[in-house]
Amino acid sequence: MKGKEQIFQQEGERFPGKTYTEAVLAPAFNEAKVHLLGPMMAINKAHLIMLRETELLQENEARAIARAIHSLDMEALRQAAYTGQFEDLFFQVEDELLKAAGDIAGNLHLARSRNDMGVTIYRMVLREKLLVALNSALLLKEQLLAFAEEHAETVMIGYTHTQQAQPTTMAHYIIAVVDSLSRDIERLKSAYRTCNHSSMGAAALTTSGFAISRERMAELLAFDGLVENSYDAIGGADYLGEAASATQLAAINLGRTVQDFLTWCTAEFAVVKVASPYVQISSIMPQKRNPVSFEHMRSLLSSAAGNAGTVLAMMHNTPFGDIVDTEDDMQPYVWRSLSVLEQMYRLLACVIGTLEVNREGLLERAKGSFATVTELADTLVRTDRLSFRNAHHIVSHVVKAAVAQGISANQISLAMVNDAAQAVLGHDLKLTEAQLSQALDPVHFVAIRSLPGGPSAKEMNRMIAVRKQKLASERTDWAERVSANAAALRLLDDTMAKWSGA
């Protein structure tokens with residue numbers, strides 16, 4: 001075991017210690033260069049504008065600081081290595097501004113703290129990553145709706161408890177996926193709304209004695225409003241937890257669908273065929289077309305759910321206040337989770353858009369399946385005015401007889417049905433051959449299920465149209481958000497350029 005002197009010899013006796021640098025500070029510095037530098041500079045610019053507007057800075061002071069900001073070599077900062085000279089990127093930027101503008105640059109930190117700055121930076125980063133993920137989610141939604149429209153009449157067997165249940169259509173299944181995705185989109189949008197509030201002006205935790213404008217800072221940075229309570233502004237982390245929760249659930253939901261598609265790719269199911277750009281061949285078996293795109297999606301979505309879950313686990317039982325747990329350490333896990341989710345949305349959109357569906361095989365399988373016999377029971381209620389329970393008993397007898405004889409549903413005869421009726425009721429039925437044939441037809445089964453949300457082509461096309469309208473509205477909302485954020489950053493840049501005389 002190393003003694004104290006040996007540790008000091010290895011680590012150094014002044015901040016930062018060698019291992020602390022390697023394990024924490026250097027990785028955080030590198031993350032900050034990539035993700036945090038832009039928002040940090042936006043906050044510097046907005047804060048300078050607000051200080052001038054509230055006359056806490058004179059015009060010549062504001063112009064001097066603007067020139068210093070404008071002169072910063074951003075590319076050099078992005079390429080900088082962590083040396084330990086400064087604790088983090090914030091202090092390195094502050095030092096460069098002091099060198100460029102002199103002592104007056106120190107007033108840029110008037111009425112603010114790394115606490116409110118840090119949370120605001122993270123909120124700005126997260127909102128952009130949420131917008132990127134939302135854009136790809138909308139892309140997938142668009143592709144799924146197009147796929148559903150193409151397969152509104154593609155009849156297939158629906159499953160419950162992993163067993164053949166009733167005939168439905170590919171569109172019916174896909175619209176269910178769309179609606180699940182739509183709820184995920186709403187949760188991501190809700191996470192954006194919660195995230196998109198400014199902590200600036202909270203300072204360390206109690207605001208400031210200077211008469212700054214928190215509202216103006218929020219406006220300049222394109223936030224929807226303030227995190228009003230200043231303690232909540234620096235201590236609350238549920239904006240991060242909400243984003244993690246929404247991302248985790250979205251990854252889990254999509255993973256369930258991907259698992260279905262992967263099963264459908266098997267020769268035994270033979271439902272879909274993945275296009276060549278998204279399959280790999282075997283190194284030894286020439287016949288293999290491995291749908292690895294779905295396999296990767298399944299595992300990577302699990303990693304996205306896991307990273308998001310890590311955030312919630314890290315947040316659990318932390319103090320309610322300003323701590324690095326909810327800032328430096330947790331944020332990258334949300335970023336990674338959102339990044340993977342966004343990539344999987346795009347990949348699945350490509351795979352779905354190029355997927356081949358075995359329409360004929362699905363229909364033939366449905367015709368031979370006993371999945372249609374619910375409609376036979378319903379038909380007996382109509383033709384013979386039986387109770388559904390008696391009709392169910394009769395059809396159950398028929399199915400058992402057909403299985404015993406090794407025949408499929410579309411080979412069931414009227415005589416078999418009447419034999420079952422004799423066993424249950426003691427007499428034949430009014431059911432005709434034509435009515436029996438129609439009752440066992442999966443296409444008919446689907447067509448008459450036209451209640452709201454049912455699989456009939458007419459109802460599917462109505463639902464698709466409604467969802468396309470919703471998608472158009474979602475795209476408009478997304479574009480407005482992106483435009484507002486970009487416009488705010490342009491205003492900041494233009495103001496700095498004007499004040500610096502550039």
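User: Which ranges of relative accessible area define buried, exposed and partly exposed?
Analyst: A residue counts as buried under 20% relative accessible area and as exposed over 50%. A residue in between is partly exposed.

User: In this predicted model, how does alanine 415 count at 48% relative accessibility: buried, partly exposed or exposed?
Analyst: Alanine 415 has its place in helix α17, residues 414–424. The bounds are under 20% for buried and over 50% for exposed. Because its relative accessibility is 48%, alanine 415 counts as partly exposed.

User: How many Å separate alanine 415 and methionine 50 in space?
Analyst: In sequence, alanine 415 and methionine 50 are 365 residues apart. In space, taken from C-alpha to C-alpha, the separation is 88 Å.

User: What radius of gyration does the protein have, beside that of a compact globule of 502 residues?
Analyst: Along its principal axes, the C-alpha trace spans about 100 × 55 × 40 Å. A compact globule of 502 residues would have a radius of gyration near 23 Å. The protein, by contrast, has 32 Å.

User: What percentage of the 502 residues in the protein is buried?
Analyst: The protein has 20 helices and six strands. Among contacts between residues at least 6 apart in sequence, 75% join residues at least 24 apart. Buried residues make up a share of the 502 residues equal to 49%.

User: Why does the distance between the end C-alpha atoms of helix α3 agree with the expected span?
Analyst: Helix α3 covers residues 59–71, which is 13 residues. At 1.5 Å a residue, these should span 18 Å. The end C-alpha atoms are therefore in agreement with the expected span, for their distance is 18 Å.

User: Against which helices do the buried residues of α3 pack?
Analyst: The buried residues of α3 are Ala62, Ala64, Ile65, Ala66, Ala68 and Ile69. In an α-helix, residues three or four places apart point the same way, because there are 3.6 residues a turn. The buried residues of α3 pack against α2 (18–53), α5 (89–101) and α20 (457–500).

User: Which element gives the most residues to the lining of the largest pocket?
Analyst: The largest pocket holds about 810 Å³ of space. Of its 33 lining residues, the closest to the centre are Ala28, Asp88, Tyr122, Val324 and Asp328. Two or more lining residues come from each of α2, α5, α6 (114–150), α12 (325–329) and α13 (331–353). With eleven residues, the element that gives the most is α2.

User: How many residues in the lining of the largest pocket are charged?
Analyst: The lining divides into three classes, of which 21 residues are nonpolar and three are polar. The charged residues number nine.

User: Which element provides the largest share of the lining of the second largest pocket?
Analyst: The second largest pocket has a volume of about 460 Å³. Among its 20 lining residues, Ile157, Gly158, Tyr159, Thr160 and Tyr173 are the closest to the centre. The elements giving two or more residues are β1 (155–160), β2 (163–169), α7 (170–195) and α10 (238–264). The largest share, five residues, comes from β1.

User: How many residues in the lining of the second largest pocket are polar?
Analyst: This lining has ten nonpolar residues and two charged ones. The polar residues number eight.

User: With which residues is asparagine 253 in contact, leaving aside its neighbours within four places in sequence?
Analyst: Asparagine 253 lies in helix α10. Because its relative accessibility is 17%, asparagine 253 counts as buried. Beyond its neighbours within four places in sequence, asparagine 253 is in contact with Ser180, Asp184 and Arg187.

Terms used
Residues numbered from 1 in each chain as written. Predicted model: local features only at pLDDT ≥ 70, side-chain atom pairs only at ≥ 80, totals over all residues. Heavy atoms only, no water. Helix = DSSP H or I, 4+ residues; strand = E, 2+ residues; numbered from the N terminus. Expected span 1.5 Å × (residues − 1). Buried < 20%, exposed > 50% of the residue type's maximum accessible area, 1.4 Å probe, protein only. Contact = heavy atoms within 4.5 Å. 1 Å grid on protein atoms, 1.4 Å probe; cavity = no way out; pocket = protein on both sides within 12 Å on 5 of 7 lines; lining within 4 Å. Points joined across faces, edges and corners; volume = space filled by probe spheres on them. Nonpolar A, V, L, I, M, F, W, Y, C, P; charged D, E, K, R; others polar. Rg over C-alpha atoms; globule rule 2.2 N^0.38 Å.
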